[in-house]
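Please open the model in your viewer and keep the sequence beside it, since this tour moves from one selection to the next.

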Amino acid sequence: MKLISLVRNVRARQCQPEVIWSVQVRFLQQDSVSKARPKKYKYPSVYDPYGPRPQPSNKIMELAERIAALSPEERKQIGPALNEHLRLPKQQMLSSDGIGAKQDTGAGKVEEKKEKTAFDVKLEKFNASDKIKVIKEVRTFTSLGLKEAKELVEKVPAILKQGVTKEEANEIIAKIKAVGGVAVME
């Protein structure tokens with residue numbers, strides 16, 4: 001019906017000299033339309049992105065049978081024994097929150113605190129009038145240029161030097177204090 005009304009509209013408008021319409025209509029022939037349905041792909045029951053794997057060796061199959069024959073208590077001991085024998089890192093237990101939970105291995109054990117050997121020196125603040133002196137001092141113990149040292153000083157609080165010994169950190173703090181800045185050791 002739509003095609004007939006379209007043709008009538010076109011004929012009616014052809015009588016009008018102002019508007020020229022051209023209409024192209026293409027009909028699909030029954031021979032050109034395929035009635036074949038797309039093939040359905042059958043998915044495997046277990047998807048393996050690496051493809052089929054070879055069968056395990058006889059040695060592995062015997063080992064699996066022996067493990068299956070063990071009692072449940074003995075099976076629980078296999079994992080930790082293998083980890084220890086293969087020297088794998090210990091796995092951290094997860095709590096119900098999903099965050100690693102530290103377990104107390106013994107009530108009598110007290111963890112020894114290791115003394116910190118590497119320190120960071122952080123510039124906390126400085127006097128605005130002594131800004132140039134602070135920049136020059138920062139350049140003496142870092143390998144920064146003038147522009148980089150100026151940007152670092154302007155981003156206060158900023159870490160000036162990382163991984164230094166305690167003596168070197170104290171020297172840097174004293175030099176910064178002498179030129180009018182405040183630095184701390186972290």
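How are H4 and H6 oriented to each other, roughly parallel or roughly antiparallel? Before answering, note that this is a predicted model, in which local features need pLDDT of at least 70 and side-chain atom pairs count only at pLDDT 80 or more, while totals for chains, interfaces and linings use all residues. Residues are numbered from 1 along each chain as its sequence is written, and side-chain values use heavy atoms, with hydrogens and water left out.

Begin with the whole protein chain, coloured by element: there are six helices and three strands, in the order α-α-α-β-α-α-β-α-β from the N terminus. Helices (H or I, at least four residues) and strands (E, at least two) are DSSP runs, numbered from the N terminus.

Next, select helix H4, residues 131-141, together with helix H6, residues 166-178. Their axes, which are lines fitted to C-alpha atoms over the stretch in contact, with angles running from 0 to 180 degrees between N-to-C directions, lie 9 Å apart at an angle of about 160°. H4 and H6 are therefore roughly antiparallel to each other, a term that covers angles over 145 degrees, whereas under 35 counts as roughly parallel, 65 to 115 as roughly perpendicular and the rest as oblique. Show the side chains where they touch: Glu137, Val138 and Phe141 in H4 meet Ile172, Lys175 and Ile176 in H6, a contact being heavy atoms within 4.5 Å.

Now keep H4 and add helix H5, residues 146-154, whose axis comes within 9 Å of that of H4 and crosses it at roughly 120°. That angle makes H4 oblique to H5. Among the residues that meet here are Val134, Ile135 and Val138 from H4, with Leu146, Ala149 and Val153 from H5.

Finally, hide the partners and look down H4 alone. Its buried residues (under 20% relative accessible area, with exposed meaning over 50% and partly exposed in between, for a 1.4 Å probe and protein chains only) are Val134, Ile135, Glu137, Val138 and Phe141. Seen down the axis, they fall within an arc of 165°, so they line one face of the helix; the arc is that of the directions from the helix axis to the C-beta atoms. Turn to the face away from this buried side, and you will find the exposed residues Ile132, Lys136 and Thr140. Bring the surroundings back to see what the buried residues pack against, including strand S1 (119-126), strand S2 (158-164) and strand S3 (181-185).
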